[in-house]
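This briefing describes the protein displayed below for readers at the bench. It opens with one question and then proceeds topic by topic.

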Amino acid sequence: MIKKTAGLLAAVLAAAACATLAPPLTPTIYLENPPGGITAALSLDDRIAVDKVWNLLRLEQADKAEKEVLNLGESHPFFWTALGYVALIRNDVVEAEADFHASLRFSPDPVTSHLGLGQVYRRMGRREDALKSYMEVLKYEPANPFALAEAEKLRGSIVEALTLDAEAAARAGNAAEAKTAYLKILEYAPKLQSAHLALARLF
């Protein structure tokens, strides 16, 4: 009992030490707290371990965080999710994508995984995939502020790029390509009057 108490105290002190380190001036990742409904089912030791990992991730201490994540073991519900954020901090987007996909298979927390994937696809320049990831978040949490803001920005940039493609195709006399682009625009912005008018002129 004494050894267990001493171990818990050491873990709490270690987590507190992480929290006293200065976070990066400009965070490179967005990370939400682990869902309370999942952490509540964990043992006290596991909750302390997860808190320590999350503190290190927020401090963007990738190497230290990875070491603690590996201590959790692959069977832990946050193992793959946390590894995804470690890879994201390192800007290893290929590894991060693989880890987040593994997280979606094995973790009971799809929101944190999809938030990570959205950031991965953003960095890859895969805007449509990033938008899909954030829309998945909004299925679970319709008022998630980060997902809402990112989805709006992505939708706007996608529509802007498609509009340029559609206008270029129309100027080149390629009506079929222009129609396809305008129809795709309307998938993202169904009420965009300018797209409706341009499309009507092509028919």
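Which residues does threonine 112 touch, not counting residues up to four places away in sequence? In this predicted model, threonine 112 touches Leu31, Pro35, Trp54, Thr81 and Tyr85. Threonine 112 lies in helix H7, which runs over residues 110-124. The residue is buried, its relative accessible area being 2%, a value under the 20% that marks a buried residue.

**Overall architecture**

- The protein contains 11 helices and zero strands.
- Read from the N terminus, the order of elements is α-α-α-α-α-α-α-α-α-α-α.
- Of the 203 residues in the protein, 42% are buried.
- Among contacts with a separation of 6 or more, 54% join residues 24 or more positions apart.
- The exposed area of the protein is about 11100 Å², and 59% of this area is supplied by carbon and sulfur atoms.

**Confidence of the model**

- The average pLDDT of the protein is 90, and 88% of the residues score at least 70.
- Over residues 6-10, pLDDT stays under 50, and the model has three contacts beyond four places in sequence for this stretch.
- Where pLDDT is low, the predicted coordinates should not be read in detail.

**Positive phi angles in two loops**

- Glutamate 60 is not a glycine, yet it has a positive phi of about 60°.
- Glutamate 60 is placed in the loop between helix H3 (44-58) and helix H4 (62-72).
- With a relative accessibility of 16%, glutamate 60 counts as buried, because the cut-off for burial is 20%.
- Asparagine 91, also a residue other than glycine, has a positive phi near 65°.
- The loop that holds asparagine 91 is the one between helix H5 (79-89) and helix H6 (93-106).
- Asparagine 91 is partly exposed, at a relative accessible area of 49%.

**Helix H8 (127-140)**

- H8 has 14 residues and reaches 21 Å from its first C-alpha to its last, close to the 20 Å expected at 1.5 Å a residue.
- Its buried residues are Ala130, Leu131, Ser133, Tyr134, Val137 and Leu138.
- These buried residues cover an arc of only 160° around the axis, which means that they lie on the same side of H8.
- An α-helix has 3.6 residues a turn, so residues three or four places apart point the same way.
- The exposed residues Lys132 and Lys139 are carried on the face of H8 turned away from its buried side.
- H7, H9 and H10 are included in what covers the buried residues of H8.

**Helix H10 (175-188)**

- The 14 residues of H10 should span 20 Å at 1.5 Å a residue, and the end C-alpha atoms are 20 Å apart, in agreement with this expectation.
- The buried residues of H10 are Ala178, Ala181, Tyr182, Ile185, Leu186 and Tyr188.
- They occupy an arc of only 155° around the axis, and therefore fall on the same side of H10.
- Ala176, Thr180 and Glu187 are exposed residues on the face of H10 turned away from its buried side.
- Helix H8 (127-140), helix H9 (145-171) and helix H11 (193-202) are the elements against which the buried residues of H10 pack.

Definitions and conventions:
Residues are numbered from 1 along each chain as its sequence is written. This is a predicted model: local features need pLDDT of at least 70, side-chain atom pairs count only at pLDDT 80 or more; totals for chains, interfaces and linings use all residues. Side-chain values use heavy atoms; hydrogens and water are left out. Helices (H or I, at least four residues) and strands (E, at least two) are DSSP runs, numbered from the N terminus. Buried means under 20% relative accessible area, exposed over 50%, partly exposed in between (1.4 Å probe, protein chains only). Contact means heavy atoms within 4.5 Å. Accessible areas come from the Shrake-Rupley method with a 1.4 Å probe; for residues, only the protein chains shown count as cover. pLDDT is the predictor's confidence in each residue, from 0 to 100. The expected span of a helix is 1.5 Å times one less than its number of residues. The arc is that of the directions from the helix axis to the C-beta atoms.
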